[in-house]
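Biologist: Could we go through this model together? I would like to begin with the aromatic side chains and then move on to charges and turns.

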Amino acid sequence: MSDTRAIINLFEECHAEAVESLQNETRMDSPFPPFNTITYPDTFKLLKDMYDGNHWTLMPKMAKWKSRPVKNVPFIVVEGQTTLLTDNRPSISILPRSSEDSHIADLVKAGVDYWWDTQFMDRKIADVVKLSRIYGVGWLHLYWDAQGKEHVCKVVNPWNVLVAPDTTSEDYAPTYLIY
């Protein structure tokens with residue numbers, strides 16, 4: 001029983017450390033010059049609000065009779081970049097190491113193409129690219145479904161992923177990743 005408690009304590013410590021690191025890394029000052037003393041602790045929510053066109057929620061209250069029209073430039077940029085990046089149907093290349101392996105490579109390619117189509121990967125790739133344009137990172141979770149007896153891939157919202165604080169983009173080898 002003490003081993004179980006030790007594992008739970010380690011998980012709780014890692015989770016708290018990762019949450020604090022994520023908050024520190026994503027903290028952002030207000031992008032609006034008159035309000036640049038405001039700091040947003042939840043940058044992911046700020047980015048989502050900007051994409052959704054809720055710019056006015058970031059500004060101080062104003063009289064109800066006034067209007068504040070918004071041209072949703074973040075939405076236009078995200079949708080445009082997503083289209084440009086996914087227009088050529090991203091796919092996986094399977095190449096043989098030698099000419100004798102070309103038949104096996106063709107069989108593996110057919111299997112991967114079948115899986116790609118049954119998992120609707122074109123749609124998932126577009127979704128994860130869109131998330132990467134909104135939040136700066138996109139995640140896919142690939143796992144084995146024992147009940148369905150197949151590999152499954154799903155798009156993960158970056159809000160739900162915590163990476164070890166000592167991880168860098170140059171040396172991406174996290175000691176832990178919580179999802």
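**Aromatic pairs, salt bridges and turns**

Modeller: With a relative accessibility of 38%, Trp 159 counts as partly exposed. Please keep in mind that this is a predicted model.

Biologist: How many aromatic pairs are found in the whole structure?

Modeller: The search of the whole structure gives two aromatic pairs. In one of them, the ring centres of Tyr 51 and Phe 75 are 5.2 Å apart and the planes are at 40°, so this pair is tilted.

Biologist: Where do Tyr 51 and Phe 75 lie?

Modeller: Tyr 51 is in helix H2 and Phe 75 is in helix H3, 24 residues apart, and the pair links distant parts of the chain.

Biologist: Is Tyr 51 buried or exposed?

Modeller: Tyr 51 counts as buried because its relative accessibility is 10%, and the cut-off for buried is under 20%. Its partner Phe 75 is partly exposed, with a relative accessible area of 38%.

Biologist: And what is the geometry of Tyr 135 and Trp 159?

Modeller: Tyr 135 and Trp 159 form an edge-to-face aromatic pair, with 6.4 Å from centre to centre and 70° between the planes. This pair also links distant parts of the chain: Tyr 135 belongs to helix H5, while Trp 159 sits in the loop between S4 and strand S5 (162-163), 24 residues apart. Tyr 135 counts as buried at 10% relative accessibility.

Biologist: Changing topic: how many salt bridges does the count come to?

Modeller: The count comes to four salt bridges. One of them joins the side chains of Lys 48 and Asp 52, at 3.4 Å from N to O.

Biologist: How many residues apart are Lys 48 and Asp 52?

Modeller: They are four residues apart, about one turn of the helix, and both lie in helix H2 (residues 43-52). Lys 48 counts as partly exposed at 29% relative accessibility, and Asp 52 counts as partly exposed at 39%.

Biologist: Which side chain meets Glu 79 in a salt bridge?

Modeller: The side chain of Lys 130 does, with an N to O distance of 3.1 Å. Glu 79 is in helix H3 (residues 73-86) and Lys 130 is in helix H5, so this salt bridge ties together parts that are 51 residues apart in sequence. Glu 79 is partly exposed, with a relative accessible area of 23%.

Biologist: What about Arg 123 and Asp 127: what N to O distance do they have?

Modeller: The side chains of Arg 123 and Asp 127 meet in a salt bridge at 2.5 Å, N to O. About one helical turn separates Arg 123 from Asp 127, because they are four residues apart in helix H5. Arg 123 is partly exposed, with a relative accessible area of 49%, and Asp 127 counts as partly exposed at 28%.

Biologist: Now the strands. How many bridges join S3 to S4?

Modeller: Seven bridges join S3 to S4, and the two strands run antiparallel. Among the bridge partners are Tyr 143 and Val 152, the latter in S4.

Biologist: How many residues lie between S3 and S4 in the hairpin?

Modeller: Four residues lie between the two strands of the hairpin, and Lys 149 in the turn has a positive phi of about 50°. Lys 149 is in the loop between strand S3 (139-145) and strand S4 (150-156). At 66% relative accessibility, Lys 149 counts as exposed.

Biologist: I also see a positive phi at Phe 120. What is the value there?

Modeller: Phi of Phe 120 is near 55°, a positive value in a residue other than glycine. Phe 120 is placed in the loop between helix H4 (102-118) and helix H5 (121-135).

Biologist: Is Phe 120 buried or exposed?

Modeller: Phe 120 counts as exposed because its relative accessibility is 61%, and the cut-off for exposed is over 50%.

Biologist: One last topic: which residues form the nonpolar patch on the surface?

Modeller: Tyr 172, Leu 177 and Tyr 179 form that nonpolar patch, and together they have about 320 Å² of accessible area. Within the patch, Leu 177 lies in strand S6 (residues 177-178). Leu 177 counts as partly exposed, at 41% relative accessibility.

Terms used:
Residues are numbered from 1 along each chain as its sequence is written. This is a predicted model: local features need pLDDT of at least 70, side-chain atom pairs count only at pLDDT 80 or more; totals for chains, interfaces and linings use all residues. Side-chain values use heavy atoms; hydrogens and water are left out. Patches are made of residues with over 30% relative accessible area and no salt bridge: like charges are joined within 9 Å, nonpolar side chains (Val, Leu, Ile, Met, Phe, Trp, Tyr) within 5 Å. Accessible areas come from the Shrake-Rupley method with a 1.4 Å probe; for residues, only the protein chains shown count as cover. Buried means under 20% relative accessible area, exposed over 50%, partly exposed in between (1.4 Å probe, protein chains only). Rings of Phe, Tyr and Trp (its six-membered ring) pair if their centres lie within 6.5 Å; planes under 30 degrees apart count as stacked, over 60 as edge-to-face and the rest as tilted. Two strands pair if DSSP finds at least two bridges between them.
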